[in-house]
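Thank you all for making time this morning. I would like to walk you through one structure, beginning with a single pair of side chains and working outwards from there.

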Amino acid sequence: MMVPDTFEDAARCVCGRCPSKPEEMKGFYCARGESTKDIMKRGCICGECDVQIDYDLMTEYYCEVGAAV
Amino acid sequence: MSDTMKNLADAFAGESQANRSYLAFAKAAEDEGLAEVAKRFRVAAASETVHALNHLKVMGGIKDTAANLVAAMGGENHEHTSMYPGFIEQAKAEGNEDAKFSFWAANEAEKVHEKMFALAADKMADLPESTFYVCEVCGMTYENDAPDACVVCSAPKSQIPEFVA
């Protein structure tokens, strides 16, 4: 399911706390698409995110695979 | 505009940029464990601030608060309605993702700033006391409460500290 890029959902996003998040301002990758940086996989916390639950998302590392569709 | 007035405007811009650059350089020096180098950057930054403010004062750029708020609103409005949207499109066209997000993040904050100034212009001395929070990562500004994650950059609440004037 696509995730709309709204402030309400962005405020629930946990990307900022993720150990794999690259050094960049962009986050909320399930809505905004993948990072252009290399992702060093140190764990993914998408599964802990209320956005993931509410939109029935099943994938991890949206920072690498791109926005949910 | 006379040449000197233009020079004052250029000098104000240059000194302002030097101030911010030196503060960033100081942080980088501190991160490298070079405290005395950092101190020199911070000293120079403080000096450049004095220069910038002197130039602005001579230019007549500081008026009463009602006029200053109008000027501030105009600047913020220009940034989020004209300047940044054009910059974002250009960054997209050039495929510069970092620049696009940097512009977009600033653009979102400028909208908040314009509203903040508009309310201040409307209420002036009757403004209620507020607490503000500024995201350390992207600069998004929040009044009275910070979200669990920044709505612009998803930085956690711990990186959205209360602003202390």
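Let me start in chain A, where Lys41(A) and Glu64(A) form a salt bridge whose closest N and O atoms are 3.0 Å apart. Lys41(A) sits in the loop between α2 and α3 of chain A, while Glu64(A) belongs to helix α4 (residues 62-65) of that chain, so the pair ties together parts that are 23 residues apart in sequence. As for its surroundings, Glu64(A) counts as partly exposed, at 39% relative accessibility. Before going on I should say plainly that this is a predicted model, and that side-chain atom pairs are counted only at pLDDT 80 or more.

Staying with chain A for a moment, there is also a network to point out: Asp9(A), Arg12(A) and Asp54(A) are joined into one by salt bridges that share partners. Over all chains, the count of salt bridges by this rule comes to 16.

One of these links the chains, and I would like to spend some time on it. Asp98(B) forms a salt bridge with Lys37(A), and here the closest N and O atoms are 2.5 Å apart. Because Asp98(B) lies in helix α4 (residues 97-123) of chain B, and Lys37(A) in the loop between α2 and α3 (50-54) of chain A, this pair joins two chains. Are these two partners buried or exposed? Neither word quite fits, because buried means under 20% relative accessible area and exposed means over 50%. Asp98(B), at 36% relative accessibility, counts as partly exposed, and Lys37(A), at 28%, falls into that class as well.

How many salt bridges does the rule find across the interface of chain B and chain A? It finds two. Besides the pair just described, the side chains of Glu97(B) and Lys26(A) meet in a salt bridge, at 2.8 Å from N to O. On the side of chain B that touches chain A, the residues divide into 13 nonpolar, two polar and four charged. Between the two chains there are also six residue pairs in polar contact, with both residues at pLDDT 80 or more.

Taking the interface as a whole, 19 residues of chain B are in contact with 16 residues of chain A. The size of an interface is often given as the accessible area lost when the parts come together. For chain B and chain A the buried area is about 1,400 Å², and carbon and sulfur atoms give 59% of it.

Let me turn now to chain B itself. Chain B has four helices and two strands, and, read along the sequence, these follow the pattern α-α-α-α-β-β. The chain is divided into domain 1 (3-59), domain 2 (63-123) and domain 3 (129-165), and the C-alpha centres of domain 1 and domain 2 of chain B lie 22 Å apart. Along its principal axes, the C-alpha trace of chain B spans about 45 × 45 × 40 Å. Of the 165 residues in chain B, 28% are buried. Among contacts in chain B between residues at least 6 apart in sequence, 47% join residues at least 24 apart.

Two places in chain B illustrate its helices. In helix α3 (residues 65-94), Lys92(B) and Glu89(B) are three residues apart, and are therefore separated by about one helical turn. The two form a salt bridge with their closest N and O atoms 3.3 Å apart. Lys92(B) counts as partly exposed at 47% relative accessibility, and Glu89(B) is likewise partly exposed, with a relative accessible area of 47%.

The second place is Arg42(B), in helix α2 (residues 35-59) of chain B. Arg42(B) is partly exposed, with a relative accessible area of 36%. Setting aside neighbours within four places in sequence, Arg42(B) is in contact with Leu23(B), Ala26(B), Lys27(B) and Glu30(B). From C-alpha to C-alpha, Arg42(B) and Asn19(B) are 8.4 Å apart in space, and 23 residues apart in sequence.

I will finish back in chain A, with Cys18(A), which is found in the loop between α1 (7-10) and α2 (29-32). Is Cys18(A) buried or exposed? Its relative accessible area is 16%, so Cys18(A) is buried. Not counting residues up to four places away in sequence, Cys18(A) touches Gly43(A), Cys44(A) and Ile45(A). With the last of these, Ile45(A), the C-alpha separation is 6.1 Å, although Cys18(A) and Ile45(A) are 27 residues apart along the chain.

Technical notes:
Residues numbered from 1 in each chain as written. Chains lettered and ligands numbered in written order. Predicted model: local features only at pLDDT ≥ 70, side-chain atom pairs only at ≥ 80, totals over all residues. Heavy atoms only, no water. Contact = heavy atoms within 4.5 Å. Buried area = accessible area lost by both parts, 1.4 Å probe. Salt bridge = Lys/Arg side-chain N within 4 Å of Asp/Glu carboxyl O. Polar contact = N/O pair within 3.5 Å; in protein donor to acceptor, adjacent residues only side chain to side chain. Nonpolar A, V, L, I, M, F, W, Y, C, P; charged D, E, K, R; others polar. Buried < 20%, exposed > 50% of the residue type's maximum accessible area, 1.4 Å probe, protein only. Domains from an automatic or database assignment.
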